[in-house]
Amino acid sequence: MKVARDPRFIRDFAALLVPIQERAEKKLALFLRNPRHPSLQTHKMEGHRDTWEGRITDDYRFTFRIEGDLYKLRRIGTHEIYKSP
C-alpha cells in the first residue's frame with residue numbers, strides 16, 4: 001500500500017498536542033499494516049463522496065481517500081476539523 005499526506009493533513013498534524021501526535025503516530029502505523037484493524041473503526045463517511053475516516057481517540061479522527069493503490073491522508077483532528085471538505 002502507498003500512502004501520501006495532503007498538505008492539510010501535515011498542517012493539522014503539526015497543530016495537534018504532542019500526546020495526540022504520539023497516539024496518532026501509533027494508530028497510523030497500525031493503519032499502514034492493516035487499514036481495517038478493528039481499533040481504527042474505519043468506515044466510509046456519510047455525505048462525503050469517496051472519503052473514509054479512521055479513529056485516533058474518542059475525539060480525534062483522520063480522513064483519507066483511496067485512489068487505486070494509494071491511500072491519501074486528508075485531514076486529522078477533532079470532529080470540527082475532520083468533517084470539513
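# Reading a predicted fold, feature by feature

Mentor: Let us start at D50, which counts as partly exposed with a relative accessibility of 37%. Buried means under 20% relative accessible area, exposed over 50%, and partly exposed lies in between (1.4 Å probe, protein chains only). This is a predicted model, where local features need pLDDT of at least 70 and side-chain atom pairs count only at pLDDT 80 or more, while totals for chains, interfaces and linings use all residues. Residues are numbered from 1 along each chain as its sequence is written, and side-chain values use heavy atoms, with hydrogens and water left out.

Trainee: What about the backbone of D50: is its phi positive or negative?

Mentor: The phi of D50 is positive, about 60°, although D50 is not a glycine. This residue sits in the loop between β2 and β3, the latter covering 52-55. Q41 is another non-glycine residue with a positive phi, of about 50°. Q41 belongs to the loop between α2 and β2 (43-44), and it is partly exposed at a relative accessible area of 42%.

Trainee: You speak of α2 and β3. How many helices and strands does the protein have?

Mentor: Helices (H or I, at least four residues) and strands (E, at least two) are DSSP runs, numbered from the N terminus. Here they come to three helices and five strands, and their order along the sequence is β-α-α-β-β-β-β-α. The radius of gyration is 12 Å, close to the 12 Å that the globule rule gives for 85 residues, so the protein is as compact as a globular protein of that length. That radius is taken over C-alpha atoms, and the rule is 2.2 Å times the number of residues to the power 0.38. Along the principal axes, the C-alpha atoms fill a box of roughly 30 × 25 × 25 Å.

Trainee: What percentage of the residues count as buried?

Mentor: The share is 41% of the 85 residues. As for the outside, the accessible surface comes to about 5300 Å², and carbon and sulfur atoms own 51% of that surface. Such areas come from the Shrake-Rupley method with a 1.4 Å probe; for residues, only the protein chains shown count as cover.

Trainee: And how far apart are the mean positions of the positive and negative charges?

Mentor: Lys and Arg count as positive and Asp and Glu as negative, leaving out His and the chain ends. Each charge is placed at NZ of Lys, CZ of Arg, CG of Asp or CD of Glu. For the 18 positive and 12 negative charges of this protein, the two mean positions are 3 Å apart.

Trainee: Now the rings. How many aromatic pairs are there?

Mentor: Rings of Phe, Tyr and Trp (its six-membered ring) pair if their centres lie within 6.5 Å; planes under 30 degrees apart are stacked, over 60 edge-to-face, and the rest tilted. By this rule there are seven aromatic pairs. One of them joins F31 and F62, edge-to-face, at 5.2 Å centre to centre with 75° between the planes. This pair links distant parts of the chain, 31 residues apart: F31 is in helix α2 (residues 18-33) and F62 in strand β4 (residues 60-67).

Trainee: Which kind of pair do F62 and F64 form, and why?

Mentor: Their ring centres are 5.8 Å apart and their planes meet at 25°, so the pair is stacked. The relative accessible areas mark these residues as buried: 1% for F31, 0% for F62 and 2% for F64. Ring pairs join F31, W52, F62, F64 and Y71 into a cluster.

Trainee: Which residues does F13 touch, away from its neighbours within four places in sequence?

Mentor: Contact means heavy atoms within 4.5 Å. On that basis, F13 meets Q21, A24, E25 and I76. F13 lies in helix α1 (residues 7-15) and is buried at 17%. Its C-alpha atom is 9.7 Å from that of F62, 49 residues away along the chain. Across the protein, residues 24 or more positions apart supply 37% of the contacts with a separation of 6 or more.

Trainee: Let me try the prolines. Is P35 buried or exposed?

Mentor: P35 is buried, at 16% relative accessibility. It lies in the loop between α2 and β2, and beyond its neighbours within four places it is in contact with M1, L40, T42 and Y71. The C-alpha atoms of P35 and M1 are separated by 9.6 Å, although the residues are 34 apart along the chain. P19, found in helix α2, is exposed at 57%.
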